[in-house]
Amino acid sequence: MVHPDMFRKAVSTKVNDDANSDEVNDDAKTIVVEIDVVQQFSNDQVFNARQHMFDWVRMEASKLGFDVVIERSDNSTSRRQAFATIICERGGKYVSKNITSRGLRSEMQQLFKLLDDNHYVSRYRVCDDKVSVRDIFRTHTESVNLFNTFPTVLIIDSTYKINKYRLPLLEIFGFTSTKMTFSVGFAFLECEKEENVTWALDICKSLLKNPQNMPSVIVIDRDKVLVNAVGIIVPISRALLCRYHITKNVRAKLKPAVDTQDFKGEDGNMLKYSVVVETIMDA
């Protein structure tokens with residue numbers, strides 16, 4: 001049975017309809033509308049399993065336009081009966097969002113506005129529908145100045161699963177004469193195909209004021225897509241594999257060769273195979 005007080009009210013917000021899409025007044029007030037959802041979660045049904053009850057609650061919440069999570073639960077003990085507390089995924093005291101900060105602008109429009117307001121240089125390209133954004137490259141004006149001053153060495157790598165859209169993030173860093181790193185630029189890519197990476201590197205190359213002043217060394221991992229893209233955009237640069245990935249590959253090849261058996265040393269003592277591997281790696 002689902003207790004009717006589990007979900008007392010759902011809260012939604014809206015902005016005054018008089019707000020202009022082109023000009024949004026920051027002083028506009030957020031109107032809070034409270035919706036009673038007790039009836040939707042009142043149920044006398046006895047569920048055969050706890051999971052069936054959870055599935056029913058999630059289904060009803062989905063119909064109302066929000067998701068739920070388990071806040072607390074217990075499978076019962078000798079002192080306490082089994083229970084489960086389910087709340088809205090944004091549970092707790094309601095805090096109204098300042099949606100007037102971006103007004104009627106979409107998330108993408110707000111992103112480009114913030115980039116421009118904070119002196120970022122951004123480039124993007126869209127799909128065939130001329131609406132959906134495929135790739136976004138961004139960098140700061142200070143980063144552009146540093147890149148033009150210290151263009152000799154670049155480090156390029158990709159990071160994954162750091163945003164809700166699951167887009168790969170291509171990171172490009174440079175080195176100063178004092179061995180300090182600085183960010184050259186970042187690119188959110190539709191996917192990590194050669195076409196997308198080549199586009200991002202081409203944008204990065206265009207940041208250099210002197211076309212003759214190209215990077216001499218580019219440090220990358222063993223990603224074939226990145227290797228090919230570097231060869232296309234900056235063929236005169238030397239692509240080097242980073243030491244971390246080289247060490248990782250050597251270790252992966254070395255372990256099967258050494259096997260997992262211990263060895264007998266010259267002094268007659270047994271040596272663990274892991275010690276042998278580390279000794280060879282240190283050499």
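Me: Why is D55 called partly exposed?

Reply: D55 has 39% relative accessibility. Buried means under 20% relative accessible area, exposed means over 50%, and partly exposed is what lies in between (1.4 Å probe, protein chains only), so 39% puts D55 in the partly exposed class.

Me: What am I looking at, and how are things counted?

Reply: It's a predicted model, where local features need pLDDT of at least 70 and side-chain atom pairs count only at pLDDT 80 or more, while totals for chains, interfaces and linings use all residues. Residues are numbered from 1 along each chain as its sequence is written, and side-chain values use heavy atoms, with hydrogens and water left out.

Me: What makes the R58 and D55 pair a salt bridge?

Reply: The rule asks for a side-chain nitrogen of Lys or Arg within 4 Å of a carboxyl oxygen of Asp or Glu. R58 and D55 meet at 3.9 Å, N to O, so the pair passes. Both residues lie in helix α1 (residues 50-64), three residues apart, or about one turn of the helix. Helices here are DSSP runs of H or I with at least four residues, strands are runs of E with at least two, and both are numbered from the N terminus.

Me: How do you know which of K63 and E60 is buried and which is exposed?

Reply: K63 has 61% relative accessibility, so K63 counts as exposed. E60 comes in at 13%, so E60 is buried. Their side chains still meet in a salt bridge, at 3.4 Å from N to O, and both sit in helix α1, three residues apart.

Me: Why does the bridge between R134 and E190 tie distant parts of the sequence together?

Reply: R134 and E190 have their closest N and O atoms 2.9 Å apart. R134 lies in strand β6 and E190 in the loop between β9 and α4 (194-206), so the pair links parts 56 residues apart in sequence. Salt bridges with shared partners join R125, R134, D135, E190 and E195 into one network. By the salt-bridge rule, the count comes to seven.

Me: Why is R125 called buried?

Reply: Its relative accessible area is 16%, so R125 is buried. R125 sits in strand β5 (residues 120-126).

Me: What makes R125 and D135 a polar contact?

Reply: A polar contact is a pair of N or O atoms within 3.5 Å; within protein, one must be able to donate a hydrogen and the other to accept it, and residues adjacent in sequence count only if both atoms are side-chain atoms. The side chains of R125 and D135 come to 2.6 Å, so the distance fits.

Me: How do you know that β5 and β6 pair?

Reply: Two strands pair if DSSP finds at least two bridges between them. β5 and strand β6 (residues 133-140) have seven, in the antiparallel sense, so they qualify. One example is R123, whose bridge partner in β6 is F137.

Me: What makes β5 an edge strand?

Reply: The open sheet has seven strands in the order β5-β6-β9-β8-β7-β10-β11, with mixed pairing. The edge strands, β5 and β11 (238-241), each pair on one side only.
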